[in-house]
Amino acid sequence: MIKSIEEINGMREAGKLAAEVLDMVTDFVKPGISTGELDKICHDYIVEEQKAVPANVGYRGFEKTLCTSLNQVICHGIPDDKRFLKNGDILNIDVTVIKDGWHGDTSKMFLVGKTEAHNERLVSITQECLYKGIKAVMPGAKLGDVGHAIQEHAEKNHYSVVEEYCGHGIGKVYHDEPQILHYGTPNTGLEIKEGMCFTIEPMINLGTKFTKKLSDGWTVETKDGRNSAQWEHTILVTKKGSEVLTKRSDENF
Ligand code: MF3
Ligand code: CO
Ligand code: CO
């Protein structure tokens, strides 16, 4: 669970590539494009430009490079050539890249065209939830502190936290131990140690926390049909706090 400096450098490279996919695809996210086209653009970029591997392809039978989760979809939306983005949509794009065996996993929200204020607010508060979770990461703190920071901010804003899906340890294994819950009680759970790598990926709903899985076996939606947002980073625990391995060009930590 604790990574050596060589292993950390492998994770840094994988994280950087994953972030670069989201940077690259940003200009393509516009009304009229299909989620299937976005998937193909990212797939080809990873394989041909980055000389890396799209981790989701073939993962437990998933066939695409991206998860594209629109509006009331919480996570694991499947890119589709017939699903076109429209003005007002909110979209999560989640990508994982493998480089030299190491995984970098990250996602961001996109506002498509002109979106409603309540959706923009959900998206930005969810990003703040991720940032507050990251800030709670430091050696000696507990995983419950991370979950608590996220939950507190979400609930203060009258949103709910999805409980059935969580962050995860990450390295040569995509979904490793420990589970990173996005809710919790301060000073409980596993102690955080320098050299650990894990994702934080809060899914925050406008309405209730309850979920339903569609018959495609992947797509997870809110039970009440109201919108959901998610942001994800892969992080490394450092001596003083954390390093965000999937930092994008629009971010400063
Ligand atoms: N990237 C997702 C996560 O954050 C997992 C996607 S698995 C897939 O952990 F098969 F749906 F792609
Ligand atoms: Co993840
Ligand atoms: Co992900």
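Asp-94 is buried, and Asp-105 is buried as well. Both residues belong to a metal site in this structure, which is a predicted model.

**The cobalt site**

The cobalt ion (ligand 3) takes its protein donors from Asp-94 (OD), Asp-94 (OD), Asp-105 (OD) and Glu-232 (OE), at 2.1 to 2.4 Å from the ion. Along the sequence, these donor residues follow the spacing D-x10-D-x126-E. Asp-94 is part of strand E4 (residues 90–99) and Asp-105 is part of strand E5 (residues 102–111), so the pair ties together parts that are 11 residues apart in sequence.

The geometry around the cobalt ion (ligand 3) is irregular, because its six donor atoms subtend angles of 58 to 164°. For six donors to count as octahedral, opposite donors must be over 155 degrees apart and all others between 65 and 115. The lower end of the range for the cobalt ion (ligand 3), 58°, therefore falls outside those limits.

Asp-105 also has a bridging role: this residue connects the cobalt ion (ligand 3) with the cobalt ion (ligand 2), and the two ions lie 3.4 Å apart.

**Salt bridges**

Side chains of opposite charge can pair when their charged atoms come close. The structure holds eight salt bridges. Three of them, including their N to O distances, are tabulated below.

| Salt bridge | N to O distance |
|---|---|
| Arg-12 and Glu-243 | 2.7 Å |
| Lys-16 and Glu-20 | 3.7 Å |
| Glu-251 and Arg-248 | 3.5 Å |

The salt bridge between Arg-12 and Glu-243 links distant parts of the chain, since Arg-12 sits in helix H1 (residues 5–25) and Glu-243 in strand E15 (residues 242–244), 231 residues apart. Arg-12 counts as partly exposed because its relative accessibility is 30%. Glu-243, at 26% relative accessibility, likewise counts as partly exposed.

Lys-16 and Glu-20 form their salt bridge within helix H1, where they are four residues apart and therefore separated by about one helical turn. Lys-16 has a relative accessibility of 42% and so counts as partly exposed. Glu-20 counts as partly exposed at 27%.

Glu-251 and Arg-248 are buried partners: the relative accessible area is 4% for Glu-251 and 1% for Arg-248. Arg-248 and Glu-251 also belong, with Asp-250, to a network of salt bridges.

**Sheets and strand pairing**

One open sheet has three strands in the order E6-E10-E13, with antiparallel pairing. Its edge strands, each pairing on one side only, are strand E6 (160–161) and strand E13 (228–230). Two bridges connect E6 with strand E10 (residues 203–205) in the antiparallel sense, and Ser-160 has Asn-205 in E10 as its bridge partner. Helix H3 (residues 117–135) lies across E10 and E13 and runs at about 40° to E13.

Another open sheet of three strands has the order E3-E12-E11, again with antiparallel pairing. Strand E3 (73–75) and strand E11 (211–213) stand at its edges with a single partner strand each, so one side of each is left without a neighbour in the sheet. On average, and with direction ignored, neighbouring strands of this sheet are turned by 40° against each other. E11 and strand E12 (residues 220–222) run antiparallel and are joined by three bridges; the bridge partner of Lys-213 in E12 is Val-220.

A further antiparallel pair consists of strand E9 (residues 197–200) and strand E14 (residues 233–237), joined by four bridges. Within this pair, Thr-199 stands opposite Thr-234 in E14. In a regular strand the side chains alternate between the two faces of the sheet. Strand E9 is covered on both faces: Cys-197 and Thr-199 are buried on one side, and Phe-198 and Ile-200 are buried on the other.

Conventions. Residues are numbered from 1 along each chain as its sequence is written. Chains are lettered from A and ligands numbered from 1 in the order in which they are written. This is a predicted model: local features need pLDDT of at least 70, side-chain atom pairs count only at pLDDT 80 or more; totals for chains, interfaces and linings use all residues. Side-chain values use heavy atoms; hydrogens and water are left out. Two strands pair if DSSP finds at least two bridges between them. Contact means heavy atoms within 4.5 Å. Axes are lines fitted to C-alpha atoms, for helices over the stretch in contact, and angles run from 0 to 180 degrees between N-to-C directions. Donors are N, O and S atoms within 2.8 Å of the metal (3.2 Å for Na, K and Ca); water is not among the atoms, so sites may look incomplete. Four donors count as tetrahedral if all angles lie between 85 and 135 degrees; four count as square planar and six as octahedral if opposite donors are over 155 degrees apart and all others between 65 and 115; anything else is irregular. Buried means under 20% relative accessible area, exposed over 50%, partly exposed in between (1.4 Å probe, protein chains only). A salt bridge is a side-chain nitrogen of Lys or Arg within 4 Å of a carboxyl oxygen of Asp or Glu.
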